[in-house]
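Work through the exercises below with the coordinates open. Each has a task sentence and a solution in steps.

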Amino acid sequence: MVSLSAALRSSDAGGAYRHRVSQLFRATTATRATAAAGPSRGRETCPSSRTQDRSRSKTLLTKSGLIRSLGPGLFSLTPLFQRSVDKIAGLADEALSAVGAQKIRMPSLSHVDFWKHLKDSADANVEMFEVTDRHGSRHVLNPTHEPLVTSMIASLKPNLSEGHLPLRLYQTSWKYRDESNPRLGLLRAREFLMNDLYTFDSSAESAKRTYDILLGVYSKFFSDLGVPFRRVEADPGSIGGELSHEYHIPADVGEDTLNACPDCGHASVSAPVEGGGEPCSKCGSATDEERCIEVGHAFLLGRKYSEPFGAVYASKRQKNPVTIEMGSYGLGLTRIIAAAVEVLSTDNEIRWPAVLAPFQICLLLPKSGSKEALFWGEQNFRDLHDALVAVRGLKDDVIVDDRPNLTIGWKLKEASQLGYPLVVVVGKKIMSDPPLLEVIDVIQGRTEIMTIDGLLDYAADIRNV
């Protein structure tokens with residue numbers, strides 16, 4: 001059991017609120033002076049916003065000031081959304097480092113010659129942004145990094161040996177695609193954050209084992225997020241390779257169509273010319289069409305890139321250098337967050353996967369000068385905050401709505417719109433003996449009245465789920 005006194009003894013907050021709504025930047029037209037009038041709906045600056053856009057995530061994130069359009073398919077991310085991005089990037093780091101992947105960083109800009117090595121480079125160039133430097137040299141903003149990472153590995157010969165393999169390298173970086181029709185907010189943008197992983201194995205058998213391991217890692221990653229998803233067999237497309245799987249989040253706004261089997265659960269990507277009701281490739285039952293958003297992919301590349309780039313290793317068993325077998329894997333981090341918001345939210349309120357919420361707890365303080373504020377006093381408010389951040393896992397995950405001129409009702413409405421998983425209201429019951437708090441669990445959809453010690457126990461329990 002966690003008590004207030006014990007939590008305060010272990011807290012290092014020092015009586016200061018770490019995160020305050022009064023200081024929080026959101027890209028809305030409201031100012032602090034006009035905040036009491038209510039949250040602004042915001043306004044798109046993108047010319048394409050005048051067209052039909054049925055994306056719930058784009059509407060909610062924009063109106064709440066969490067993202068701001070600066071042009072077709074281009075968005076600024078404000079602090080709340082950036083916290084969610086940092087969290088999902090951290091989860092991806094943990095998942096990949098657990099299977100021996102090492103983090104690197106590759107440039108966003110590359111010379112066009114990297115892409116000319118590929119036989120189907122014409123397909124890849126369709127969505128590339130190309131720039132010319134002051135010396136007349138042509139470069140592209142990378143939509144992916146297979147050519148660059150393969151070139152780096154190829155440059156290690158003859159010093160790369162079989163003992164260095166398998167090798168798993170990944171990065172989290174911005175990717176760029178010259179979308180002909182960017183739309184649906186972060187679901188189809190020209191710039192997006194991706195976690196991309198590249199694997200290098202000594203044989204086709206070893207590469208397939210790596211592929212199966214990483215399919216499992218990706219499946220667990222999406223399961224841990226708590227969002228519905230499907231893993232489906234897919235066409236390797238322009239990336240190429242021998243085998244491919246995609247990860248999709250079912251959503252009405254999705255631009256991909258899957259054939260899903262209601263009997264065995266198998267699903268596959270539907271070809272454009274095909275319709276629903278096709279026989280399931282696994283059990284033969286009729287399938288249903290399902291709209292989805294692609295959020296991840298895996299490619300067993302084989303030698304598609306390693307052979308033209310000359311990525312080889314030295315083997316003691318063979319006289320000549322051996323071509324490396326490769327794999328390529330990607331998680332669209334900003335798209336995953338937007339897709340999760342798309343399927344979990346209501347029309348008026350954002351809902352996050354619990355692990356990706358910008359803050360786990362929002363503490364609502366009463367209006368300045370109210371009976372509750374005068375009765376309990378500022379020091380008690382700070383003690384409650386310090387006790388919450390002392391709970392394991394909550395040190396940087398509590399935000400306080402300390403705006404003095406807003407009522408609890410207004411603060412509660414805004415907290416619900418922003419989707420904090422746990423909202424703690426310091427209301428009239430704080431004047432009872434013992435002091436009581438209104439605790440709203442947004443994820444579970446229930447409201448309870450708790451003592452302070454009860455709240456601390458509850459917060460500790462949900463962090464350990």
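The exercises treat a predicted model and go from helix packing to ring pairs, sheets and single residues.

**Exercise 1. Helix H3 against helix H7**

Task: Describe how H3 and H7 pack, and state which residues meet.

Solution.
- Step 1. Locate the helices: H3 covers residues 79-97 and H7 covers residues 204-225.
- Step 2. Take the geometry. The axes lie 10 Å apart, at an angle of about 145 degrees, and the crossing is right-handed.
- Step 3. List the contacts. From H3 come Ile88, Leu91, Ala92, Ala95 and Leu96, and they meet Leu214, Val217, Phe221 and Leu225 of H7.
- Step 4. Sort by class. The contact of H3 with H7 holds 9 nonpolar residues, with no polar and no charged ones.

**Exercise 2. Helix H3 against helix H9**

Task: Repeat the analysis for H3 and H9, then place Thr334 in H9.

Solution.
- Step 1. The axes of H3 and H9 are 10 Å apart and the angle is about 115 degrees; the crossing of this pair is right-handed.
- Step 2. On the H3 side the contact uses Phe81, Ser84, Val85, Ile88 and Ala89, and on the H9 side Leu333, Thr334, Ile336 and Ile337.
- Step 3. The contact of H3 with H9 has 7 nonpolar, 2 polar and no charged residues.
- Step 4. Thr334 belongs to H9, which spans residues 333-344. The relative accessible area of Thr334 is 3%, under the 20% cut-off, so Thr334 is buried.
- Step 5. Beyond its neighbours within four places in sequence, Thr334 touches Val85, Trp174, Leu186, Phe192 and Leu193.

**Exercise 3. Aromatic pairs**

Task: Count the aromatic pairs and classify the pair of Phe81 and Trp352.

Solution.
- Step 1. The count is 9 aromatic pairs.
- Step 2. For Phe81 and Trp352 the ring centres are 6.4 Å apart and the planes stand at 50 degrees, so the pair is tilted.
- Step 3. Phe81 is in H3, whereas Trp352 is in the loop between H9 and strand E17 (361-364); the pair links distant parts of the chain, 271 residues apart.
- Step 4. Both Phe81 and Trp352 are buried.
- Step 5. Elsewhere, ring pairs join Tyr211, Tyr218, Phe221, Phe222, Phe229, Tyr247 and Tyr329 into a cluster. Phe221 of this cluster also takes part in the contact of H7 with H3.

**Exercise 4. An open sheet**

Task: Give the strand order of the open sheet of 3 strands and explain why E4 and E5 each have a side without a neighbour.

Solution.
- Step 1. The order is E4-E6-E5, and the pairing is antiparallel.
- Step 2. E4 (109-111) and E5 (129-132) are at the edges with a single partner strand each, so one side of each has no neighbour in the sheet.
- Step 3. From one strand to the next, the twist averages 35 degrees.
- Step 4. E5 and E6 (residues 138-141) are joined by 4 bridges in the antiparallel sense, and Val131 stands opposite His139 of E6.

**Exercise 5. Strand E10 and its partners**

Task: Is E10 mostly covered or uncovered, and how does E10 pair with E9 and E13?

Solution.
- Step 1. E10 runs over residues 243-250; 6 of its 8 residues are buried, and the strand is mostly covered.
- Step 2. With E9 (residues 230-233), E10 forms 4 antiparallel bridges; Arg231 has Tyr247 in E10 as its bridge partner.
- Step 3. With E13 (residues 288-302), E10 forms 8 antiparallel bridges, and Pro250 is set opposite Cys292 of E13.

**Exercise 6. Burial in H12, and two residues**

Task: Name the buried residues of H12 and what covers them, then state the burial of Thr323 and Ala314.

Solution.
- Step 1. In H12 (residues 408-418) the buried residues are Ile408, Trp410, Lys411, Glu414, Ala415, Ser416 and Leu418.
- Step 2. Their cover includes H3, E17, E18 (398-401) and E19 (422-425).
- Step 3. Gly419 follows H12 and has a positive phi, near 80 degrees.
- Step 4. Thr323, in strand E15 (residues 322-323), is buried at a relative accessible area of 15%.
- Step 5. Ala314 lies in the loop between E14 (312-313) and E15 and is partly exposed, at 38%.
- Step 6. The C-alpha atoms of Ala314 and Gly163 are 9.0 Å apart, with the two positions 151 residues apart in sequence numbering.

Terms used: Residues numbered from 1 in each chain as written. Predicted model: local features only at pLDDT ≥ 70, side-chain atom pairs only at ≥ 80, totals over all residues. Heavy atoms only, no water. Pairing = 2+ DSSP bridges. Axes fitted to C-alpha atoms, helices over the stretch in contact; angles between N-to-C directions. Buried < 20%, exposed > 50% of the residue type's maximum accessible area, 1.4 Å probe, protein only. Contact = heavy atoms within 4.5 Å. Left-handed = near helix turned anticlockwise from the far one by under 90°. Nonpolar A, V, L, I, M, F, W, Y, C, P; charged D, E, K, R; others polar. Phe/Tyr/Trp six-rings, centres within 6.5 Å; stacked < 30°, edge-to-face > 60°.
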